[in-house]
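Visitor: I would like a close look at one proline and its surroundings, followed by a connected account of how the rest of the chain is arranged.

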Amino acid sequence: MKTFCSRTNPTTGVLEWVEQCEDYDYHQEIARSSYADMLHDRDRNQKYYVGIRAAVARVKARGEKVIVLDIGTGTGLLSMMAVTAGADFCYAVEVFKPMAEAAQCIVKKNGFSGKIKIINKHSTDVTVGPDGDMETKANILITELFDTELIGEGALPSYEHAHQNLVQERCEAVPHRATVYAQLVESELLWSWAQLQPVEVGGAHLVPPPDVVHCAGAHSVCDIQLSQVSPRSFTPLGPVCTMFSVDFSKLVSSSFQSHSSQFVAQSDGQAQVVLSWWDLEMDPGGSIVCTMAPSWTYTVPEKWRDHWMQSVYFLPEESRVAEGEQLSLTVCHDDYSLWYSLQTHSIVDYVRQQKPRPLPSRPCCTCQAHLVWNRPRFGELNDQRRTDSYVRALRSVLKEDSVCLSISDGSLLPVFAHMLGSRKVPLVKCFPQISVLIGEPYFSTSLLPWHSLFFWYCRTALASLLQPNATIMPCSATLHMVAVEFKDLWRIRAPCGTCEGFDVTPMDEMVQRSLDFCESHEAEPHPLWEYPCRALTPSTAIMTFDFTQQLPQEPISIQGSLSGCCHGVALWMEYHLTDDITVSTGLIRPVSEQGECEWTRHRKQGVYFLRTPWERSGEDGAVVSYSFTFEPGLGDIKMNVSVESL
């Protein structure tokens with residue numbers, strides 16, 4: 001059955017009614033899922049496998065029949081590992097129906113139907129008994145319920161319920177334990193994502209209001225590939241601290257808890273940011289460890305995974321600490337999220353062990369700015385080099401009698417224009433004809449680079465209000481493309497085939513069906529600064545959009561080809577503020593001779609993954625062919641990219 005769904009087109013700004021299949025939402029979920037990434041994570045898979053074999057052996061050594069409960073089974077991989085390791089029976093719980101159906105196919109394809117039962121329920125709805133989903137309680141609990149923050153997917157309530165209702169008292173758990181680590185640092189780069197800093201505008205300083213400066217900020221975690229943040233970008237103020245551990249083999253509590261770690265400050269600095277990650281110990285002895293630590297903390301070969309990253313937490317306010325000062329870092333958590341606070345102590349207070357300060361509540365934005373701007377946007381607004389580009393461009397177009405209108409979301413350009421001498425920066429009410437129309441362009445609804453062409457639609461709608469010789473800034477934009485070979489990001493779209501000896505092709509087929517259903521010719525938004533890649537072709541401007549003219553009625557099309565072979569192509573916009581001032585939302589400097597790319601941290605780029613790039617990558621004598629069409633009526637760019645051997 002098909003239904004009509006309303007949505008606001010991010011490019012045109014028009015409320016549209018779109019006919020969608022009733023299965024559209026879960027096809028979207030599957031097409032952009034992380035299942036392939038998890039299965040390509042060999043470090044995770046192998047350590048789970050070793051941990052499962054050890055747990056099965058321990059239960060068998062007690063003379064017991066091995067009954068496994070696998071919560072969040074996904075493809076059924078961990079259940080198949082358990083049966084292969086000698087488990088007598090597995091109950092595999094998966095709440096997402098399409099994934100449960102795929103797991104059923106995979107289990108059957110690998111010959112385990114007689115020993116694995118797929119239960120399509122949330123684990124808290126599973127029943128035990130002669131007529132229940134499980135005949136008896138399990139004595140091995142296997143789970144993969146974790147996210148970057150460890151507990152954000154409801155791991156604690158699920159474990160709590162399982163121990164109370166679904167597993168035996170002496171249950172073995174894989175993983176056995178999780179440990180959370182944290183480090184206090186000073187970082188101008190990272191702090192710029194949390195708080196608006198003073199901005200220099202033409203020799204004057206624009207200072208944020210006190211309620212913005214003292215706001216605790218957004219409460220949500222900032223999850224990033226911390227391995228891509230150079231240690232030169234921050235100063236450690238303390239050691240890596242063990243904050244707390246959760247023993248999954250015992251009853252787990254989902255209630256509020258707090259844990260503190262005391263240490264001595266290693267250097268003077270501004271306490272601003274907490275870097276955090278966690279480890280999984282697959283066995284009680286702690287000999288099988290799967291770590292999420294960033295690569296600069298260890299010397300073994302780097303392990304890449306996108307389904308689990310690292311977390312950055314911003315303290316409610318920055319504070320000055322001195323080398324040698326006694327500090328106490330506290331982490332609080334409820335059943336779904338964590339937050340950090342810092343307490344400073346004099347040596348006397350620390351020795352006397354005075355009563356600790358009341359624990360802070362979860363940080364919450366009170367200034368509204370953190371509800372308007374996301375963290376990359378804060379970084380963009382705090383980028384002085386970018387600000388300088390806009391200031392230079394504004395100075396070149398503004399006159400004493402200019403009437404200036406800004407079109408962007410949460411932009412500081414109107415303030416800049418006023419500080420630089422614009423006579424009026426009107427709100428969209430009744431005002432004289434506009435002599436200067438400006439934009440960044442930035443819109444909170446934009447996901448892909450070309451969604452910010454909404455500026456062009458607004459410019460066209462305002463045509464009757466513009467003076468005949470009105471200045472438009474930016475005057476134009478170009479869509480750029482470069483063919484790339486990713487170091488690791490390709491894994492999120494690569495078929496798995498077999499995983500640790502098990503055939504998981506039904507999952508590959510399910511993902512491909514969903515891609516064919518709704519996403520086969522679309523790009524995805526990714527912050528490429530987090531994902532190293534090598535450019536295999538020069539950066540090429542493939543489409544130009546002239547904002548000095550109104551939106552055209554006819555489509556804009558381009559076709560071409562590039563020499564090289566790749567995993568896909570990266571796409572971004574460059575905005576030409578004036579003839580000689582350009583702001584890029586992608587590459588921030590030319591590609592090096594070795595193909596090294598440096599991307600802005602402020603915007604996501606579009607990535608178009610080739611259907612079978614993993615079969616062709618590294619092949620010589622190939623051509624990347626492309627065609628792009630911008631449909632003004634749809635506000636979208638239709639694209640097709642393929643690789644063909646010569």
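Visitor: What relative accessible area does Pro360 have, and into which class does that put the residue?

Guide: Pro360 is partly exposed, with a relative accessible area of 26%, where buried means under 20%, exposed means over 50% and partly exposed lies in between, computed with a 1.4 Å probe on protein chains only. This is a predicted model, in which local features need pLDDT of at least 70 and side-chain atom pairs count only at pLDDT 80 or more, whereas totals for chains, interfaces and linings use all residues. Residues are numbered from 1 along each chain as its sequence is written, and side-chain values use heavy atoms, with hydrogens and water left out.

Pro360 is found in the loop between α9 (347–352) and α10 (369–372); helices (H or I, at least four residues) and strands (E, at least two) are DSSP runs numbered from the N terminus. Leaving aside residues up to four places away in sequence, Pro360 touches Cys332, Trp339 and Ser341, a contact being heavy atoms within 4.5 Å. Thr330, 30 residues from Pro360 along the chain, has its C-alpha atom 9.4 Å from that of the proline.

Cys365 counts as buried at 13% relative accessibility. This cysteine is in no disulfide, and the nearest cysteine sulfur, that of Cys215, is 3.9 Å away, while a disulfide requires a pair of cysteine sulfur atoms within 2.5 Å. The search of the whole structure in fact finds zero disulfides. Another cysteine, Cys171, is also buried, at 4% relative accessibility.

Over the whole chain there are 16 helices and 34 strands, and 54% of the 646 residues count as buried. Of the contacts between residues at least 6 apart in sequence, 78% join residues at least 24 apart. Helix α4 (residues 77–84) is largely enclosed by the rest of the structure, because seven of its eight residues are buried; these are Leu77, Leu78, Ser79, Met80, Met81, Ala82 and Val83. Gly86, just after α4, takes a positive phi of about 120°.

Aromatic side chains give another view of the fold. A search of the whole structure finds 24 aromatic pairs, a pair being rings of Phe, Tyr and Trp (its six-membered ring) with centres within 6.5 Å, called stacked if the planes are under 30 degrees apart, edge-to-face if over 60 and tilted for the rest. The rings of Trp304 and Tyr531 have centres 6.4 Å apart and planes at 70°, so this pair is edge-to-face. It links distant parts of the chain, 227 residues apart, with Trp304 in the loop between β16 (289–291) and β17 (310–321) and Tyr531 in the loop between β26 (524–526) and β27 (533–535). Both partners are buried, Trp304 with a relative accessible area of 12% and Tyr531 with one of 5%. Elsewhere, Phe146, Tyr159, Phe248, Trp278 and Trp308 form one aromatic cluster.

Charges also sit over rings, in the sense that NZ of Lys or CZ of Arg is within 6 Å of the ring centre and within 35 degrees of the ring normal. The charged end of Lys303 is placed over the ring of Tyr298, 5.0 Å from its centre, and Arg377 lies over the face of Tyr442, at 3.9 Å from the ring centre.

Turning to a sheet, three strands form an open, parallel arrangement in the order β20-β21-β22, where two strands pair if DSSP finds at least two bridges between them. β20 (404–406) and β22 (466–473) stand at the edges with a single partner strand each, so one side of each is left without a neighbour in the sheet. From one strand to the next the twist averages 25°, with axes taken as lines fitted to C-alpha atoms, for helices over the stretch in contact, and angles running from 0 to 180 degrees between N-to-C directions. Strand β21 (residues 434–438) is joined to β22 by four bridges, and Val436 stands opposite Thr471 in β22. Helix α12 (residues 384–397) packs on this sheet, touching β21 and β22, its direction making about 160° with that of β22, while helix α14 (residues 454–461) lies across β21 and β22 at about 170° to β22.

In the loop between β21 and α14 lies His451, which counts as buried at 9% relative accessibility. Residues up to four places away in sequence aside, His451 touches Pro10, Thr11, Thr445 and Ser446.
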